[in-house]
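Visitor: I would like a close look at a single part of this model. Could you pick one strand and take me through its surroundings?

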Amino acid sequence: NDTTVYVPIQFHIVRKTDGTGGETIKDILANLCKLNDDYRHINVEFYLGGPIRFINQDLLYTNDFATGMANFFMDLYRVPGMVNIFVGNQISGGVSGGTTLGYYTSGLDIIYAIRSSVHGSATTLTHELGHFFSLPHTFFGWEGSNYADVMAWFIGDTQTDVDCSKN
């Protein structure tokens, strides 16, 4: 399709209740440019649907899955008709076992990302917007697998080394 689809984004910079912390506007705008670079090949362009909002709330700044308070506040502050992206400081109580950089929740239709993953070269929002557009993870079913053992046969091969016509 040669027609560009324009998608409005509402960014919410989450800070501590006292107004400190929070992502910079410069990093938010740099990541918006990165999003547009990443989605350009499929004719999707994101734009600021409204001014960047600032939310001063500790319970959203540190997003704790266990309490569900972050979801309460995101539902309270989200703007209908736009992709709502909340950029806070930390996600705790996640199920990944590592540092969770961001997530999309279809129940609220929002994205939450931590500030260290939102800057000019970061791909966290690119990934989470893929979920917004209903793309699943390509690695479901691989959880808990030892990737080195599973992929050992492939190490060192390049696309030119593998005959894809046989698959």
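**Strand 5 and its surroundings**

Guide: Happy to. Let us begin with one pairing: isoleucine 13 has valine 87, in strand 5, as its bridge partner. Please keep in mind that this is a predicted model. The pairing belongs to a wider contact between two strands, as strand 1 and strand 5 run parallel and are joined by 5 bridges. Strand 5 also pairs with strand 8 (residues 110-114), again in the parallel sense and over 5 bridges. There, glycine 88 has isoleucine 114 of strand 8 as its bridge partner.

Now look along strand 5 itself. Val83, Ile85 and Val87 point one way, while Asn84, Phe86 and Gly88 point the other way, and all are buried. With 6 of its 6 residues buried, strand 5 is largely enclosed by the rest of the structure.

What packs here from the helical side? Helix 1 (residues 25-39) is one neighbour to visit: its buried residues pack against strand 5 (83-88), and also against strand 1 (5-15), strand 2 (44-48) and helix 4 (124-132). Those buried residues are Ile28, Asn31, Leu32, Lys34, Leu35, Asn36, Asp38 and Tyr39. The helix has 15 residues and spans 21 Å from its first C-alpha to its last, close to the 21 Å expected at 1.5 Å a residue.

Tyr39 leads us on to the aromatic rings, since it belongs to one aromatic cluster together with Phe46, Tyr104, Phe132 and Phe133. Across the whole structure, a search finds 8 aromatic pairs. One of them is formed by phenylalanine 46 and phenylalanine 133: their ring centres lie 6.3 Å apart with the planes at 35 degrees, so the pair counts as tilted. This pair links distant parts of the chain, with phenylalanine 46 in strand 2 and phenylalanine 133 in the loop between helix 4 and helix 5 (147-150), 87 residues apart. Phenylalanine 46 is buried, at a relative accessible area of 2%, whereas phenylalanine 133 is partly exposed, at 34% relative accessibility.

For another ring pair, turn to tyrosine 103 and tyrosine 112. Their centres are 6.0 Å apart and their planes meet at 20 degrees, so this pair is stacked. Both tyrosine 103 and tyrosine 112 are buried.

To come back to where we started, strand 5 pairs in the parallel sense with strand 1 and with strand 8, and the buried residues of helix 1 pack against it.

Notes:
Residues are numbered from 1 along each chain as its sequence is written. This is a predicted model: local features need pLDDT of at least 70, side-chain atom pairs count only at pLDDT 80 or more; totals for chains, interfaces and linings use all residues. Side-chain values use heavy atoms; hydrogens and water are left out. Helices (H or I, at least four residues) and strands (E, at least two) are DSSP runs, numbered from the N terminus. The expected span of a helix is 1.5 Å times one less than its number of residues. Buried means under 20% relative accessible area, exposed over 50%, partly exposed in between (1.4 Å probe, protein chains only). Contact means heavy atoms within 4.5 Å. Rings of Phe, Tyr and Trp (its six-membered ring) pair if their centres lie within 6.5 Å; planes under 30 degrees apart count as stacked, over 60 as edge-to-face and the rest as tilted. Two strands pair if DSSP finds at least two bridges between them.
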